[in-house]
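User: Hello! I'm new to this structure and would love a close look at a single part of it. Could you walk me through it in a connected way?

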Amino acid sequence: MKKFFIAVLSIAVAAMVGYGISYAISPVKTQKLEYIAQENAINTNGFIIRDEWVMYSRSAGTVYHSVADGSRVPKDGSIGSLFYGDVSEDSIKELKVVDNKIKKAESDESGHSLSDLDATTVENSIYRRENDIITAARKNDILTISRYKRDINSLRENNELAAAGTLNQLKEQKTQILDSIGVMQEDIYAQISGVFTSYVDGYETILVPAEIENYDVAYFESLSQSPQIRKIDNKVDAGGEVCKIVNNHVWYVMMSIPADTMSGRSVGDSVKMRFNNMADAVVKGSIYSISGEQNGRVAVTVKCPEYLESAFSYRLVDVDLIFESFNGYKIPVHAVRTEDDGKQKVIGINGNRQYDCYCNVLFTDTDGGYAIVDTAENAENKLSQMERILVGER
């Protein structure tokens, strides 16, 4: 009996010692810190709504666009011609070549169009005389300095006259081409400023900013999810589209999303949108309109006052509507400890020491059981300095 008691006692002591060693080595459960970007977002399809001016032809004819797709044009800027008759493709190409030369001449640094050789010759002559002026100044030769200055002014004036002559010749050449076409012509001027495009999709009069307040879920669902984008042909019929200008500085995106997603949100709230079919471009915006609920959904329209170059060529977009985004440390919800004064902290571990790391809880996912936290302002112990955090006892 005595031997049996000693044996049981030995086993118990061994178990206690073993547990004590285990607790001493690893008494608590820890977790490595993970810094992540967290978004509260929903993915959906949306339609771009914007101010668009479309010109329509009064009769059958031929269109000539003097600007390229994607070019920004000012209000009342010249963007081409509409000929009320049949015009050969060769004449259209001639016009394009001459217009490009005129633009190059007008955008030249001096506003003129000398050949590179002539310009170089003139600049070299001016450079030599400027050096001569320096030499004459050392000799205090005022008369010679005055003569060199007159020479420089004369060279520059001749340069300008020659350039003006070249530009005038190009314009005369364009006039001759237009006269040779021999049909009635109407110059086209942009009625709004924006981005020029020769593509239309039929939604220009269906989706307009002035009507956004009237758009609801039913209207959204009535729109085709496959807009037919079509390039305007050079040959147009009466009533056919001639060209389009898109205001790309202020535009809108309309989406249909679950109504409960908008709980606690209202018009004016800031959001972001990421366009997955536009190279993941991200723009800032604000909620502009929320329709009434229909079948558990609402139509939400976001206003974007931010220029996005590629947006002018899209109507239907694959978009992530981002309500909030957080950058911080992902930890289990139960690792956050709240003190009597309401301050929140986690226990950080660096080496063999533990630290109280006061933090702000940025986001909580109760279903997922995790929170996103970051170091509180003026906190002495920062999470970025910790290797791990305490998440509970083993």
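Which residue in β15 does I42 stand opposite?

Analyst: Happy to help, and please keep in mind that this is a predicted model. The residue opposite I42 is L321, in β15. That pair is a good way into the strands around it.

I42 lies in strand β2, which covers residues 35-56, and L321 lies in β15, residues 316-332. These two strands pair in the antiparallel sense, and 13 bridges hold the pairing. Strand β2 also pairs with β11: 10 bridges join them, and again the strands run antiparallel. Within that second pairing, W53 has I245 in β11 as its bridge partner.

From β11, which spans residues 241-258, you can carry on to another strand. Three bridges join β11 to β7, in antiparallel fashion, and there T197 stands opposite K244 of β11. Strand β7 (residues 194-197) is in turn joined by two bridges to β4 (residues 72-73), with the two running antiparallel. In that pairing, R72 is matched with V195 of β7. So you can trace a path of pairings by going from β15 to β2, from β2 to β11, from β11 to β7 and from β7 to β4.

Now back to L321, since there is more to say about its side chain. In soluble globular proteins, nonpolar side chains tend to be buried together. Here, the largest nonpolar core has 25 residues, and L321 is among the members that touch the most others, along with W251, I257, M273 and F275. The elements that each give two or more residues to this core are β2, β11, β12 (270-275), β13 (281-290), β14 (297-304) and β15. Both strands of your starting pair, β2 and β15, are therefore on that list.

F275 gives a closer view of the surroundings. Leaving aside residues up to four places away in sequence, F275 touches W251, V253, D280, A281, V283, L308, V317, D318 and V319. There is also a second, separate core of 17 residues, and its members include W53, A190, V200 and I245. W53 and I245 are the bridge partners you met between β2 and β11.

A short stop at a loop is worthwhile too. S291 sits in the loop between β13 and β14. Is S291 buried or exposed? S291 counts as buried because its relative accessibility is 13%, below the 20% cut-off. A polar atom of the S291 side chain lies 2.8 Å from the backbone nitrogen of A299. Beyond residues up to four places away in sequence, S291 touches Y215, D216, V217, V298 and A299.

Finally, here is how this part fits into the whole chain. The protein chain has five helices and 20 strands, and 38% of its 394 residues are buried. Among contacts between residues at least 6 apart in sequence, 76% join residues at least 24 apart.

As for confidence, the chain has a mean pLDDT of 84, with 84% of residues reaching 70 or more. Confidence is highest in β14, at 98, and lowest in helix α1 (residues 2-25), at a mean of 41. Over residues 1-26 the pLDDT stays under 50, and the model has three contacts beyond four places in sequence for them. Residues 109-117 also fall below 50, and that stretch has 13 contacts beyond near neighbours in sequence.

How values were computed: Residues are numbered from 1 along each chain as its sequence is written. This is a predicted model: local features need pLDDT of at least 70, side-chain atom pairs count only at pLDDT 80 or more; totals for chains, interfaces and linings use all residues. Side-chain values use heavy atoms; hydrogens and water are left out. Two strands pair if DSSP finds at least two bridges between them. Helices (H or I, at least four residues) and strands (E, at least two) are DSSP runs, numbered from the N terminus. A nonpolar core is a set of buried Ala, Val, Leu, Ile, Met, Phe, Trp, Tyr and Cys residues joined through side-chain atoms within 4.5 Å. Buried means under 20% relative accessible area, exposed over 50%, partly exposed in between (1.4 Å probe, protein chains only). Contact means heavy atoms within 4.5 Å. A polar contact is a pair of N or O atoms within 3.5 Å; within protein, one must be able to donate a hydrogen and the other to accept it, and residues adjacent in sequence count only if both atoms are side-chain atoms. pLDDT is the predictor's confidence in each residue, from 0 to 100.
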